[in-house]
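Biologist: I've got a model open and a pile of labels to go with it. Could you take me through where the labels come from?

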Amino acid sequence: MRPLRARQLLLDAGALRDAERHPRGRVWALCEAEVAEGRQPLLPLTVLAQMWRGRAGQAGLARVVKVCKPVGLDEVMARRVGVLLGLSGTADVVDANQVEHPRVG
């Protein structure tokens, strides 16, 4: 039996927070490994907006962002995320986008 393997690394706010605190830490290592495998880590633009403040102290975060493929909401995804929010009775678009994104593509 083969172990399960993620199709592609998808970063969330916690990953960006960790990259900011530990510029050459675990998140950077995961991103490097992804690039070495010929893939770009995925970074939802909603997550970037949630975490980016443009401060000098975000150099580690900026470094990770440079190797990522930005992914955004299009109309179809926005509707899927909206349905998910309605079904779950919640309102956090960023979290719902993280849940819904892997189903597309």
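Modeller: Start with burial: of the 105 residues in this predicted model, 32% are buried.

Biologist: What makes a residue count as buried here?

Modeller: A relative accessible area under 20%. Glu34 comes out at 8%, so Glu34 is buried.

Biologist: And how do you know that Ala33 is partly exposed rather than buried or exposed?

Modeller: Ala33 has a relative accessible area of 40%. Partly exposed is the band between the 20% and 50% cut-offs, so that's the label Ala33 gets. Ala33 sits in helix α2, residues 26-36. The C-alpha atom of Ala33 is 9.8 Å from that of Leu9, which is 24 residues away along the chain.

Biologist: What's the overall layout in terms of helices and strands?

Modeller: The protein has 6 helices and 2 strands, and along the sequence they run α-α-β-α-α-β-α-α. Take the contacts with a separation of 6 or more: 70% of them join residues 24 or more positions apart.

Biologist: Now the helix pair. Why are α1 and α4 called oblique?

Modeller: Their axes cross at roughly 125°. Perpendicular covers 65 to 115 degrees and antiparallel starts over 145, so roughly 125° falls between those two and the pair is oblique. Helix α1 is residues 13-21, helix α4 is residues 59-67, and the axes come within 6 Å. The crossing is right-handed.

Biologist: Which residues make the contact between them?

Modeller: From α1 it's Leu16, Ala19 and Glu20; from α4 it's Gly60, Leu61 and Val64. They split into 4 nonpolar, 1 polar and 1 charged.

Biologist: What makes one of the residues in that contact polar?

Modeller: That's down to the classification: Gly is counted among the polar residues, so Gly60 supplies the polar one.

Biologist: Glu20 caught my eye. What makes Glu20 and Arg55 a salt bridge?

Modeller: Their side chains meet with N to O at 2.9 Å. The cut-off is 4 Å, so the pair qualifies. Glu20 is in helix α1 and Arg55 is in the loop between α3 (45-51) and α4, so the bridge ties together parts that are 35 residues apart in sequence.

Biologist: Are those two partners buried or exposed?

Modeller: Glu20 has 18% relative accessibility, which is under 20%, so Glu20 counts as buried. Arg55, at 46%, is partly exposed.

Biologist: How many salt bridges does the structure hold?

Modeller: There are 3. Another one joins Arg39 and Glu34, at 3.0 Å from N to O.

Biologist: Why is Arg39 called partly exposed?

Modeller: Arg39 is at 21% relative accessibility, and buried needs a value under 20%, so Arg39 lands in the partly exposed class. Its partner Glu34 is the buried residue from earlier, at 8%.

Biologist: And what about Arg79 and Glu75?

Modeller: Their closest N and O atoms are 2.8 Å apart, so this pair also passes the 4 Å cut-off. Both residues lie in helix α5, residues 75-88, and they are 4 residues apart, about one turn of the helix.

Biologist: How do you know that Arg79 and Glu75 are exposed?

Modeller: Exposed means over 50% relative accessible area. Arg79 has 56% and Glu75 has 55%, so both are exposed.

Notes. Residues are numbered from 1 along each chain as its sequence is written. This is a predicted model: local features need pLDDT of at least 70, side-chain atom pairs count only at pLDDT 80 or more; totals for chains, interfaces and linings use all residues. Side-chain values use heavy atoms; hydrogens and water are left out. Axes are lines fitted to C-alpha atoms, for helices over the stretch in contact, and angles run from 0 to 180 degrees between N-to-C directions. Angles under 35 degrees count as roughly parallel, over 145 as roughly antiparallel, 65 to 115 as roughly perpendicular and the rest as oblique. A crossing is left-handed if the near helix is turned anticlockwise from the far one by less than a right angle, and right-handed if clockwise. Contact means heavy atoms within 4.5 Å. Buried means under 20% relative accessible area, exposed over 50%, partly exposed in between (1.4 Å probe, protein chains only).
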